[in-house]
Every structure is written in C-alpha cells, then in structure tokens.
Amino acid sequence: MFNISDIIQFKQALTEKHGVDLHYHDVCPKPFFTMERTDSEIQAFITAYLQPKGYAPQFSDDGLQFTLTRRS
C-alpha cells in the first residue's frame, strides 16, 4: 500500500488538477479512498496517476469510493 507521503502527494495532485478532496480511510480488511464528487475525467486521472506506481483503482458503483489493487 502507499505510504503516507505517497497518499499526501496523491491527494495534492487530485486537488490541484480537479479541485476534488480525496479522503483516505485506513480500515480493515482493506483501506479505501473516498471523494465527494467524481466523473469519468477524474476517474481517468486517478487511473493514469496510479498506473506507473503499479496500482489500479477498483471503483464502487457510484465511483465515489475506491480501493487499490497491486498490478501484476
């Protein structure tokens, strides 16, 4: 999983690019992220941001929540 500095950089990038606040929830069994709004452009940005770091987002049906999976 991302370390805290990765999460902070991710949050800043999303806020700067799309004005969206990203919230990280460190809970069992799997940490997750939430946002107050989303659209296809925001989801594409998240996917593109995470891909080179070896992660892929798994979005909820409404797109406001996602977990990270390690890409193989």
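Which residues sit on the two faces of strand 2, and are they buried or exposed? Here are my notes on this one, bearing in mind that the model is predicted.

1. Strand 2 first. This strand takes in residues 32–35, and both of its faces are covered. Phe32 and Thr34 point to one side, Phe33 and Met35 to the other, and all of them are buried. That fits the usual pattern: in a regular strand the side chains alternate between the two faces of the sheet.

2. The sheet as a whole. Four strands make an open sheet in the order 1-2-4-3, and the pairing is antiparallel. Strand 1 and strand 3 are the edge strands, each pairing on one side only. From one strand to the next, the twist averages 30°.

3. Who strand 2 pairs with. On one flank there is strand 1 (residues 22–25), which runs antiparallel to strand 2 and is joined to it by four bridges. If you want a residue pair to look for, Leu22 has Met35 as its bridge partner. The link between these two strands is a hairpin of six residues. Strand 2 is also antiparallel to strand 4 (residues 65–70), this time with two bridges. Here Phe33 partners Phe66, and Thr34 partners Gln65.

4. Helices on the sheet. Helix 1 packs on the sheet and touches strand 1, strand 2 and strand 4, with its direction at about 155° to that of strand 1. Helix 2 lies across strand 2, strand 3 and strand 4, and runs at about 150° to strand 3.

5. Helix against helix. Two packed helices are described by the angle between their axes and the distance between the axes. For helix 1 (residues 4–18) and helix 2 (residues 40–50), the angle is about 145° and the axes are 11 Å apart. The crossing is right-handed. On the helix 1 side, the contact is made by Gln9, Phe10, Ala13, Leu14, Lys17 and His18. Facing them from helix 2 are Glu41, Ile42, Phe45, Ile46, Tyr49 and Leu50. Sorted by class, that contact has eight nonpolar, two polar and two charged residues.

6. The two sides of helix 2. Its buried residues are Ile42, Phe45, Ile46, Tyr49 and Leu50. Looking down the axis of helix 2, you find these buried residues within an arc of 120°, so they line one face of the helix. They pack against helix 1, strand 2, strand 3 (55–59) and strand 4. Turned away from that buried side is the face with Ser40 and Glu41, both exposed.

7. A closer look at Ala13. This residue is in helix 1. Its relative accessibility is 17%, so Ala13 counts as buried, the cut-off being under 20%. Setting aside neighbours within four places in sequence, Ala13 is in contact with Phe45 and Tyr49. Ile46 is 33 residues from Ala13 in sequence, but their C-alpha atoms are 9.4 Å apart in space.

8. And Gln12, also worth a look. Gln12 has its place in helix 1. With a relative accessible area of 46%, Gln12 is partly exposed. Between the C-alpha atoms of Gln12 and Leu22 there are 8.6 Å, and the two residues are 10 apart along the chain. Leu22 has already come up as the bridge partner of Met35 in strand 2.

Technical notes:
Residues numbered from 1 in each chain as written. Predicted model: local features only at pLDDT ≥ 70, side-chain atom pairs only at ≥ 80, totals over all residues. Heavy atoms only, no water. Buried < 20%, exposed > 50% of the residue type's maximum accessible area, 1.4 Å probe, protein only. Pairing = 2+ DSSP bridges. Axes fitted to C-alpha atoms, helices over the stretch in contact; angles between N-to-C directions. Left-handed = near helix turned anticlockwise from the far one by under 90°. Contact = heavy atoms within 4.5 Å. Nonpolar A, V, L, I, M, F, W, Y, C, P; charged D, E, K, R; others polar. Arc of directions from axis to C-beta.
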